[in-house]
Amino acid sequence: MTPARRNYSLLSAFLFCFFFAQAASMSMLAIWLKGTLGLSGAAVGTVFSANFVAAMLAQPVLGYVSDRIGLRKGVPVAIGCLVVLASLFFGLIYAPALRVNLPLAAVLGGLYLGVTFVAGPFAIESFVDRVGRKYGFEYSRARLWGSLGYASAAAFTGRLYNLDPKLNFYLASAAGVLLVPIILSARIETGTTGQATASALTPRAAASILQLPKFWGFMVLILGVTNLYLVYDQQFPVYFASLFPTPARGNELFGYLSSAQIFVEAGMMFVAPWIVMRTGARFGLLLASGIMIVRIAGSGLAIGPVSISACKMLHSLELPILSVSIFRYIAYHFETRFSSMIYLVGVSFGHSLGLSLFSPLAGIGYDRIGFQQTYFLIAAGALIFWLGSWFSLAPTPPTDASGRPIS
């Protein structure tokens with residue numbers, strides 16, 4: 001087996017197991033917090049906000065460390081070790097703390113969940129993109145296995161939640177046990193020249209990205225549209241379940257629908273590079289974020305299980321296009337040595353900053369004016385940022401998998 005094929009296979013397996021664990025831990029989190037533990041919408045928003053504050057603090061560090069160590073495996077190994085602890089954390093630490101001291105629980109949850117399942121995926125995806133560009137395979141073709149892992153877990157998380165929520169957390173830890181041996185089996189040559197360049201990266205040089213106008217133009221879309229979309233998506237499972245005869249039936253069907261949606265998403269991961277290669281990354285970003293706004297507003301208009309399920313399925317269209325467009329945009333407009341910093345600061349940190357601010361406000365909106373009216377407000381805000389992104393994003397021609405223009 002060639003080094004490229006071996007590394008592609010192992011990184012695909014790593015992504016499958018990691019996103020399996022993420023789905024088992026996080027896909028029913030809002031329902032677990034509100035249903036099992038009895039938290040209010042505002043309290044759930046506060047918990048999510050704490051997760052993103054912690055992730056926000058971790059992401060610049062992860063980004064700098066990732067760029068500094070280059071192709072070495074330290075970051076994915078550390079994240080894999082954290083995933084193993086999922087069942088212990090949820091069962092023995094998080095649930096008891098949430099019942100007796102919400103502020104303390106929010107801090108503890110932020111530290112673990114923020115680093116492991118909020119900031120962690122961005123660090124892993126950046127690492128896979130870097131390895132893919134070295135060995136000549138498309139990031140999205142490896143990332144689709146992450147989607148399949150998430151779908152495999154989501155297919156039965158709803159049913160397992162109805163039996164015992166702790167079963168999902170046990171599955172997450174079981175998947176985590178596989179992560180470290182998988183990543184250690186990969187044979188990734190760091191290269192003397194490339195590693196020397198990465199190791200020479202200083203904090204001041206890394207921080208220089210904040211002086212780039214193109215960076216802030218990119219952030220208009222990230223801080224605005226995609227942030228508001230993620231705020232909308234946090235407690236979407238709760239609203240989805242409310243449109244069914246019983247919450248238990250809604251939880252079960254949400255798991256099935258999530259699985260179907262992610263299998264479609266995995267198929268779109270094959271198609272998305274072809275789309276973005278022909279449209280260019282700028283239009284790909286605008287197309288994906290436009291679909292997000294349609295989904296948010298459509299959820300406010302939904303009147304039953306069929307229409308709300310159709311809105312959920314739109315996620316399978318926008319996510320692959322967005323993911324590929326982001327990496328192509330970064331590869332074309334920024335130096336390779338800053339790729340992890342741009343992704344973890346621009347995208348991941350930007351998400352955490354916005355979500356830490358918006359999540360409590362959305363939770364209050366759900367409690368006071370309901371899901372539908374809050375969705376309309378979120379969609380209106382996202383539309384304003386989307387229109388601004390037409391002017392702030394830099395032109396990007398069609399590019400290949402490495403971000404080079406296609407002649």
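User: What makes a residue count as buried, and why is T374 called buried in this predicted model?

Analyst: Buried means under 20% relative accessible area. The model is a predicted one. T374 has 5% relative accessibility, which falls under 20%, and T374 therefore counts as buried. This residue lies in helix 18, residues 371-392.

User: What does T374 touch, leaving aside residues up to four places away in sequence?

Analyst: T374 touches A362, G365, Y366 and I369 on that basis. With G365 there is also a polar contact: the side chain of T374 reaches the backbone oxygen of G365 at 3.2 Å, and the cut-off is within 3.5 Å.

User: Why is F376 called partly exposed?

Analyst: Partly exposed covers the range between under 20% and over 50%. F376 stands at 31% relative accessibility, so F376 counts as partly exposed. F376 lies in helix 18, and F376 touches A297, G300 and L301, not counting residues up to four places away in sequence.

User: How far apart are F376 and R5 in sequence and in space?

Analyst: The two residues are separated by 371 residues in sequence and by 46 Å in space, C-alpha to C-alpha.

User: Why is helix 1 described as roughly parallel to helix 7?

Analyst: The axes of helix 1 (residues 3-26) and helix 7 (residues 139-163) come within 7 Å and cross at roughly 30°. Angles under 35 degrees count as roughly parallel, and helix 1 is therefore roughly parallel to helix 7. The crossing of these two helices is right-handed. By class, their contact has 14 nonpolar, six polar and two charged residues.

How values were computed: Residues are numbered from 1 along each chain as its sequence is written. This is a predicted model: local features need pLDDT of at least 70, side-chain atom pairs count only at pLDDT 80 or more; totals for chains, interfaces and linings use all residues. Side-chain values use heavy atoms; hydrogens and water are left out. Helices (H or I, at least four residues) and strands (E, at least two) are DSSP runs, numbered from the N terminus. Buried means under 20% relative accessible area, exposed over 50%, partly exposed in between (1.4 Å probe, protein chains only). A polar contact is a pair of N or O atoms within 3.5 Å; within protein, one must be able to donate a hydrogen and the other to accept it, and residues adjacent in sequence count only if both atoms are side-chain atoms. Contact means heavy atoms within 4.5 Å. Axes are lines fitted to C-alpha atoms, for helices over the stretch in contact, and angles run from 0 to 180 degrees between N-to-C directions. Angles under 35 degrees count as roughly parallel, over 145 as roughly antiparallel, 65 to 115 as roughly perpendicular and the rest as oblique. A crossing is left-handed if the near helix is turned anticlockwise from the far one by less than a right angle, and right-handed if clockwise. Ala, Val, Leu, Ile, Met, Phe, Trp, Tyr, Cys and Pro count as nonpolar, Asp, Glu, Lys and Arg as charged, and the others, Gly among them, as polar.
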